[in-house]
Amino acid sequence: GTTGKPKGVITTHKNLVFYLSALYKRLGINQNDNYLHTASIAFSSSNRQMWLTLSNGGTVIMATETEKVDIFQLLELILRHGVTVIDLVPSMMRRCISTLNVCKKKNSSYFDDNQIRLALSASEALPSEIPSELRRALGKRGNEVRYINMYGLTETTGIIFTYEVQSNVIDERQMSSIVPIGKPLNAV
């Protein structure tokens, strides 16, 4: 937790089912999705990355510890398995953008064959420039990607607020701002 002391939170089956149902309505995860799983199994984000996907017939693509550290290997995993949903903390997203930009300098069409349709971020404040930088780094598919910022607490089973970042929202005046956390899941 934020105090630096480990904590445990009891999550009921009922809360998890409500949480997954509300997220499904907001995100539209389906049987065609290949969802990249990068969270520790001990972290509440793992519930979203694993159970949301499996309960809707999708496939979970588990990143190894090595792939989580070596971003080039993570990007190759995304391409190899046709990942459609990435769910990364903003700091890891920034590392992906940086690595993509380096790879594209060597090969301008690198990563153009990606299948990403949904980019999710949570667990850290999302700087406003990251969604537009990711869309640019993704190349020709970048403008088709939905980018959703999420906020939640372990005590609430997970995400309770979401905000969809529109592709034309970020401008120079907003470059130092933080993307809002959005509206409660049940307000859809």
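What share of the 188 residues in the chain is buried? In this predicted model, buried residues make up 46% of the chain. The views below offer a friendly way in.

**View 1. The whole chain, with its helices and strands.** Welcome to the starting point: the chain holds six helices and seven strands. Read from the N terminus, the elements follow the order α-β-α-β-α-α-β-α-β-α-β-β-β. Of the contacts with a separation of 6 or more, 71% are made by residues 24 or more positions apart. The chain exposes about 9900 Å², and 54% of that area comes from carbon and sulfur atoms.

**View 2. Helices α1 and α2 cross.** Here we look at α1, residues 13-27, and α2, residues 45-54, whose axes come within 10 Å and cross at roughly 75 degrees. Because of that angle, α1 is roughly perpendicular to α2. On the α1 side, the contact is made by L16, Y19, L20, L23, Y24 and L27; on the α2 side, N47, R48, W51 and L52 take part. Sorted by character, the residues of this contact are eight nonpolar, one polar and one charged.

**View 3. F72 and Y110, a stacked pair.** The structure holds three aromatic pairs, and this view shows one of them. The ring centres of F72 and Y110 are 6.1 Å apart and their planes meet at 20 degrees, so the pair is stacked. It joins distant parts of the chain: F72 sits in helix α4 (residues 71-80), whereas Y110 lies in the loop between α5 (90-106) and β4 (118-121), 38 residues apart. F72 has a relative accessible area of 39%, so this residue is partly exposed. Y110, at 11% relative accessibility, counts as buried, because the cut-off for buried is under 20%.

**View 4. Y151 and F161, a tilted pair.** In this aromatic pair, the rings of Y151 and F161 lie 6.2 Å centre to centre, with 45 degrees between the planes, and the pair is tilted. Y151 belongs to strand β5 (residues 146-153) and F161 to strand β6 (residues 158-165), with their positions 10 residues apart in the numbering. Y151 is partly exposed, at a relative accessible area of 34%. F161 also counts as partly exposed, at 21% relative accessibility.

**View 5. An aromatic cluster around a familiar pair.** Which residues form one aromatic cluster? F72 and Y110, met in View 3, form it together with F111. When looking at the rings, keep in mind that an aromatic pair is described by the distance of the centres and the angle of the planes.

Terms used
Residues are numbered from 1 along each chain as its sequence is written. This is a predicted model: local features need pLDDT of at least 70, side-chain atom pairs count only at pLDDT 80 or more; totals for chains, interfaces and linings use all residues. Side-chain values use heavy atoms; hydrogens and water are left out. Axes are lines fitted to C-alpha atoms, for helices over the stretch in contact, and angles run from 0 to 180 degrees between N-to-C directions. Helices (H or I, at least four residues) and strands (E, at least two) are DSSP runs, numbered from the N terminus. Angles under 35 degrees count as roughly parallel, over 145 as roughly antiparallel, 65 to 115 as roughly perpendicular and the rest as oblique. Contact means heavy atoms within 4.5 Å. Ala, Val, Leu, Ile, Met, Phe, Trp, Tyr, Cys and Pro count as nonpolar, Asp, Glu, Lys and Arg as charged, and the others, Gly among them, as polar. Rings of Phe, Tyr and Trp (its six-membered ring) pair if their centres lie within 6.5 Å; planes under 30 degrees apart count as stacked, over 60 as edge-to-face and the rest as tilted. Buried means under 20% relative accessible area, exposed over 50%, partly exposed in between (1.4 Å probe, protein chains only). Accessible areas come from the Shrake-Rupley method with a 1.4 Å probe; for residues, only the protein chains shown count as cover.
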